[in-house]
Every structure is written in structure tokens, then in C-alpha cells.
Amino acid sequence: MKNEKEIIEAVTAFVREAVSSHDSGHGWSHIERVVRLALYICDCEGRGDRFVVELGALMHDVGDHKFGAHNGPEEISRLLESLRVDGSVIKEVISINENISFSKGRHAIEKSIALRIVQDADRLDAMGAIGIARAFNYGGFKGNEIYNPHKGLTSNPGEVYASSKSVSTIHHFYDKLLLLKDLMNTETGRRLAQERHDFMITYLDQFFREWNPGN
Ligand code: ADP
Ligand code: NI
């Protein structure tokens, strides 16, 4: 029987290997940031099981289609069962993996505390200075324009995002990134999101001042 530290080490090695071939928006550094943020939120909130939160954050993107379309829940059960992790913990980690994403997350299911925390951490990593870097990195990866001034910015928020076809990276802010602040589940998430949101607004103001000098 392994202890929690050994289980975390084994899962870390597995996830690190699984994401090694992926684009940097979903690479290991994203997972590491989400783990750190989720544990920080867990500590500030003073609730949520730290072990479940850490496992959930580590495995939140396992099976993501951008990871190569494996079946997340199946991979998670296989690994955690081989490590003799408690059935109730496995169930929670799978629920985090299945319910974390932007589109799925908007439909009301009864969210566990651990899911609320990891979802906030994942969404926070798409905001602020890091979120901006990730967005332009993703846009570059897809060959998208940084901005297209000929298409309105707020046409179909959410829906445009769901089809993952933002007109430009600046449009992606209006389709998704500026909406995240109001989707936070925890008080700590809301506090961190406000700061990151304000920074994105400052960034966009500056961007448009540079794009339209004299306006
Ligand atoms: P998640 O990690 O929540 O599953 P996604 O897979 O949707 O997020 O996106 C990964 C990163 O790429 C995020 O930072 C997101 O903002 C960014 N991204 C997704 N779609 C676009 C897009 N069309 N333009 C620019 N950035 C994008
Ligand atoms: Ni993620």
C-alpha cells in the first residue's frame, strides 16, 4: 500500500509523460500551475481534501481531445486502481476530469468542493498575464490573426468559443476570457480572477490605443 506522497509522485510521472508531446498551452507547465493554484485556493478556503484536489488538478486534462483522444476516466481508473487508491477518491477525481471544461461546466451539476477548486484554478490559468501569453501562443499555433478589426467583437460570446473558432486571438478574449471572472466557484477564485480580469482590461485598452492611434 502506497502512501499519499508516493501516489502523487507516481501520478505526476504518468501525467508528465502523457503531456510531453503536447502543445505548450496544455503542456506540463500548465498542469504544474493548476496544481499550485488549486492547492493555494484549497488552503485559503480552508476546505476541500488536499489529496483529492492535487490528484484532480494533476489529472484534469487526461483524455482531453488535445491530448490525443484517450478515454480520461478509463485511464484514471486504471492508474489509480493499480496504486490502490480508495474508490471514493477515484470517483471524485474522475468527476473533476469529466466536468471541468468551460462548456460542460456551465450546466448545473452538483459540484464537489474539489471540483469547484480545480475548475477555478484551470480557468484562472487562462486569465491574466499567463492567460494572455497562452492565448497568443495558441493563436500562433493555429495560424490565427492577432486581431481582425473587420468583425464585431461581441457577436456570439460562449457559442463562438464552443466551436473553438474565434475570429482572432483578441476575439477570443471576448468569446471566453472576459467571461471567466463571473464563473468562479470560490471566494478565493473570485479574488484572484478580479485581479487577472482587470489586468486583461488594461492590456486590451492599451492594445486598442496602439491599434487606433489618435482615437
Ligand atoms: P482548457 O485548458 O480550459 O481546456 P482550452 O483547451 O480551451 O482550455 O484552451 C487552452 C488555452 O488556449 C487557454 O489558455 C485558452 O484561452 C487558449 N485558447 C483556446 N482557444 C483559443 C483561441 N481560439 N484563440 C486563442 N486562444 C485560445
Ligand atoms: Ni487545463
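Helices α2 (residues 28–45) and α11 (residues 187–211) run with their axes within 8 Å of each other and cross at roughly 125°. Axes here are lines fitted to C-alpha atoms, for helices over the stretch in contact, and angles run from 0 to 180 degrees between N-to-C directions. This is a predicted model, in which local features need pLDDT of at least 70, side-chain atom pairs count only at pLDDT 80 or more, and totals for chains, interfaces and linings use all residues. Residues are numbered from 1 along each chain as its sequence is written, chains are lettered from A and ligands numbered from 1 in the order in which they are written, and side-chain values use heavy atoms, with hydrogens and water left out.

**The α2/α11 pair**

- That crossing makes α2 and α11 oblique to each other; on this scale, angles under 35 degrees are roughly parallel, over 145 roughly antiparallel, 65 to 115 roughly perpendicular, and the rest oblique.
- On the α2 side, Leu37, Tyr40, Ile41, Cys44 and Glu45 meet Glu187, Thr188, Arg191, Leu192 and Arg196 of α11.
- By type, the residues in this contact of α2 with α11 split into five nonpolar, one polar and four charged (Ala, Val, Leu, Ile, Met, Phe, Trp, Tyr, Cys and Pro count as nonpolar, Asp, Glu, Lys and Arg as charged, and the others, Gly among them, as polar).

**Overall fold**

- The protein chain has 11 helices and zero strands, where helices (H or I, at least four residues) and strands (E, at least two) are DSSP runs numbered from the N terminus.
- Of the 215 residues in the protein chain, 48% are buried; buried means under 20% relative accessible area, exposed over 50%, and partly exposed in between, with a 1.4 Å probe and protein chains only.
- Take the contacts in the protein chain between residues at least 6 apart in sequence: 63% of them join residues at least 24 apart, with contact meaning heavy atoms within 4.5 Å.

**The nickel site**

- The nickel ion (ligand 2) gets its protein donors from His30 (NE2), His60 (NE2), Asp61 (OD) and Asp122 (OD), at 2.1 to 2.5 Å.
- Donors are N, O and S atoms within 2.8 Å of the metal (3.2 Å for Na, K and Ca), and since water is not among the atoms, sites may look incomplete.
- Angles between the four donor atoms around the nickel ion (ligand 2) span 79 to 165°, so the arrangement is irregular.
- For reference, four donors are tetrahedral if all angles lie between 85 and 135 degrees; four are square planar and six octahedral if opposite donors are over 155 degrees apart and all others between 65 and 115; anything else is irregular.
- Along the chain, the donors of the nickel ion (ligand 2) have the spacing H-x29-H-D-x60-D.
- Distant parts of the chain are linked here: histidine 60 is in the loop between α3 (50–58) and α4 (72–82), while aspartate 122 is in helix α7 (residues 113–124), 62 residues apart.
- Histidine 60 and aspartate 122 are both buried.

**Helix α3 in its surroundings**

- Eight of the nine residues of α3 are buried, so the helix is largely enclosed by the rest of the structure.
- Those buried residues are Phe51, Val52, Val53, Glu54, Leu55, Gly56, Ala57 and Leu58.
- They pack against α1 (4–19), α2, α5 (87–99) and α7.

**Buried residues in helices α8 and α11**

- Arginine 134 is in helix α8 (residues 128–142) and, at 17% relative accessibility, counts as buried.
- From arginine 134 to histidine 30 the C-alpha separation is 9.4 Å, with their positions 104 residues apart along the chain.
- Histidine 197, in helix α11, is buried with a relative accessible area of 10%.
- Neighbours within four places in sequence aside, histidine 197 contacts Met127, Leu178 and Lys181.

**Loop residues**

- Arginine 84 has a positive phi of about 60° although it is not a glycine; this residue is in the loop between α4 and α5 and is exposed at 59% relative accessibility.
- Asparagine 144, in the loop between α8 and α9 (159–162), is partly exposed at 32%.
- Not counting residues up to four places away in sequence, asparagine 144 touches Gly139 and Ser166.
- Asparagine 185 is in the loop between α10 (169–175) and α11, where it is buried with a relative accessible area of 14%.
- Leaving out residues up to four places away in sequence, asparagine 185 touches Lys111, Arg116, Gln119, Asp120 and Arg190.
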